[in-house]
Each structure stands twice: as C-alpha cells, then as structure tokens.
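Visitor: Before we walk through this protein, I would like each label that you use to be justified, with the value set beside the cut-off that it has to meet.

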Amino acid sequence: VVRLETGETFNPVIRKGLVSQGSLNEISSRRERFEKIVAGSMTAMRGQTIYYAGSVAEAMGVVKMFNDSGVSATVVHSKWASKGERINAVAIEKFRRGEVQVLVNVQMLAMGFDVPNVETIIVARPVESDTLFTQMVGRGARPSPGKPNFLLIDVHDTISKPQVAKIFEHSELFYKAVTEVSQPEISPRLEALLRPTPLARQLEDLRLGPTPFELQRSQLVVGY
C-alpha cells in the first residue's frame with residue numbers, strides 16, 4: 001500500500017454520512033491536486049492500472065497527463081454527449097486487451113468489472129464508505145498467473161476536523177506495510193506539458209467541469 005498525501009486542504013460538506021457531490025467535484029477538479037496524484041503514482045504504479053477519479057474534469061486532465069507523459073490511458077464515465085455506452089465499451093475492451101495501461105473512470109467499475117491482470121489501483125477520489133472502498137480495491141484483487149499481489153495507492157487530503165477525516169480513513173481494511181509519499185514533485189517535463197495558458201486559466205475559473213466541446217473532443221481518447 002502506498003499512502004499518497006496531496007497536501008490539499010479539504011473541508012467537505014457531509015450530509016447523512018455522505019460527502020456532497022459539490023464537495024466531491026470541487027476537490028477532484030483541482031488541477032494541482034490531480035497533478036500531484038499522477039506524478040506520485042507514476043513513481044510507484046506497475047502494470048495495468050485503474051484510477052478512480054471524482055469528477056469528469058479530473059478524469060480528462062489525468063488521461064491527458066498520463067498520455068503526454070508516455071503512459072497510455074483512456075477514460076470511462078457517464079457524461080458523454082452521445083454514444084456513451086459505445087465509447088465506454090471501446091475503452092474497456094482496449095484496457096482488457098492491454099492496449100492501454102491506465103483506465104481512468106468516474107463513478108463506474110466499482111462492481112461487475114473483471115480484468116484479473118490489474119496490478120495497481122489508485123483511489124484518488126474521497127470515499128466515505130468502507131463497502132464502496134472495498135469494491136473499488138477489489139478490482140485489483142482478482143488472481144492472475146504471475147501476479148502474486150497488487151498495489152493500492154490510497155490518496156488522502158488534509159482535513160482539519162478529526163471527526164470528518166475519520167470518515168475517509170480505511171487503513172484498517174488493507175494496510176499492513178505503508179509507504180509514505182508526501183506531496184511528490186512534478187518533473188519539469190510534466191510541468192511544461194500541463195502549464196495552462198492565461199485564457200485556459202480564466203476558463204477554468206469559470207467552471208468546474210469540461211465544456212460540451214471538451215466532452216466531444218475527448219471521445220478521441222478512446223479511439224471512437
């Protein structure tokens with residue numbers, strides 16, 4: 001298990017024990033946060049990898065970052081403008097055949113998905129449920145020839161209230177030996193690739209998720 005600390009402050013709104021969708025979208029869409037997660041994960045991950053994102057904005061940014069860094073990645077989510085089932089099916093099949101190394105997903109693949117050769121699970125979104133967390137991590141627990149174990153990269157943010165922080169703590173479920181990774185450095189190459197233009201910064205300040213144009217354009221990621 002690798003426990004990856006982002007150093008990002010997160011003060012979520014909790015309703016009936018569940019983090020609000022607005023809080024999840026806000027934390028997941030922070031560019032600096034998912035840049036740290038990808039940079040830290042790339043030094044530890046191995047083999048076929050599933051990345052659990054908290055928002056479409058995060059998922060598309062993560063896919064771009066991996067691909068620009070030479071690590072093949074694709075994405076599945078439920079917010080495609082059209083032909084979503086077909087796009088997701090193509091992405092999953094490419095991942096199943098080993099044509100891409102990383103499958104990034106948003107609120108999918110927790111159940112009913114079986115690719116035994118998955119070797120790394122990255123839980124980047126805050127998860128308040130032990131059951132959901134176990135289902136996510138279970139995607140890497142499938143036995144496969146030549147796979148004695150799998151790697152869990154468990155992402156954590158800084159939460160000021162201990163009673164809230166404990167909601168997102170699942171260490172008792174899987175932790176035996178933990179490697180601490182605190183605010184990993186982003187390589188100069190990655191930083192240059194992802195440095196937004198002034199116009200991009202202005203647009204990002206105005207929205208949390210991708211525009212319809214970005215959703216349509218991002219269909220190219222899965223080759224459809």
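**Labels and the values behind them**

Guide: Let me start with R33, which is buried in this predicted model, its relative accessible area being 0%.

Visitor: Why is R33 called buried?

Guide: The label requires a relative accessible area under 20%, and R33 has 0%, so R33 counts as buried. This arginine is found in helix α2.

Visitor: What does R33 touch, if residues up to four places away in sequence are not counted?

Guide: Contact here means heavy atoms within 4.5 Å, and by that criterion R33 touches T6, E8, I27, S28, E58, A124, P126, V155 and D157.

Visitor: What makes D157 and R33 a salt bridge?

Guide: The closest N and O atoms of the pair are 2.8 Å apart, and the cut-off is 4 Å between a side-chain nitrogen of Lys or Arg and a carboxyl oxygen of Asp or Glu, so the pair qualifies as a salt bridge. The two partners come from distant parts of the chain, with D157 in strand β8 and R33 in helix α2, 124 residues apart. D157 is buried, as is R33.

Visitor: How do you know that R33 and E58 also form a salt bridge?

Guide: For R33 and E58 the closest N and O atoms are 3.9 Å apart, and because the limit is 4 Å, this pair is a salt bridge too. It links R33 in helix α2 with E58 in helix α3, 25 residues apart, and both residues are buried.

Visitor: Is E93, which forms a salt bridge with R97, buried or exposed?

Guide: Neither label fits, because E93 has a relative accessible area of 32%, which lies between the 20% and 50% limits, and E93 is therefore called partly exposed. Its salt bridge with R97 has the closest N and O atoms 3.6 Å apart. Elsewhere, E8, E26, R30 and K36 are joined into one network by salt bridges that share partners, and the structure holds 13 salt bridges.

Visitor: What makes β7 and β8 paired strands?

Guide: Pairing requires at least two bridges between the strands; β7 (residues 118–123) and β8 have four, in the parallel sense, so they count as paired. In β8, D154 is the bridge partner of V123, and L151 stands opposite T120. Between these two strands the chain passes through helix α5 (residues 130–138), and this β-α-β crossover is right-handed.

Visitor: Which other strands pair with β7 and β8?

Guide: Strand β1 (residues 2–9) pairs with β8 in the parallel sense over five bridges, and there R3 stands opposite D154. On β7, the parallel partner is β4, again over five bridges, with V123 as the bridge partner of Y52.

Visitor: Why are β7 and β8 described as mostly covered?

Guide: Seven of the eight residues of β8 (residues 151–158) are buried, and in β7 five of the six are; because buried means under 20% relative accessible area, each of those residues falls below that limit. For the chain as a whole, 48% of the 224 residues count as buried.

Visitor: What makes a set of residues a nonpolar core, and which residues touch the most other members of the largest one?

Guide: The members must be buried residues of the nonpolar kinds, joined through side-chain atoms within 4.5 Å. In the largest such core, which has 28 residues, Y51, F66, V102 and V104 touch the most other members. Helix α3 (56–68) is one of the elements that give two or more residues to this core, and α3 supplies the largest share, seven residues. Leaving aside neighbours within four places in sequence, F66 is in contact with V38, M42, M45, Y51, V71, A73 and V102. Another core, of 17 residues, lies apart from it and includes A91, F95, V123 and F133.

Visitor: How many helices and strands does the chain have, and how much of its area is exposed?

Guide: The chain has 10 helices and nine strands. It exposes about 11200 Å², of which carbon and sulfur atoms supply 53%. Among contacts in the chain with a separation of 6 or more, 77% are between residues 24 or more positions apart.

Key
Residues numbered from 1 in each chain as written. Predicted model: local features only at pLDDT ≥ 70, side-chain atom pairs only at ≥ 80, totals over all residues. Heavy atoms only, no water. Buried < 20%, exposed > 50% of the residue type's maximum accessible area, 1.4 Å probe, protein only. Areas by Shrake-Rupley, 256 points an atom, 1.4 Å probe, with all protein chains shown as cover. Right-handed = clockwise from strand over helix to strand, strands pointing away.
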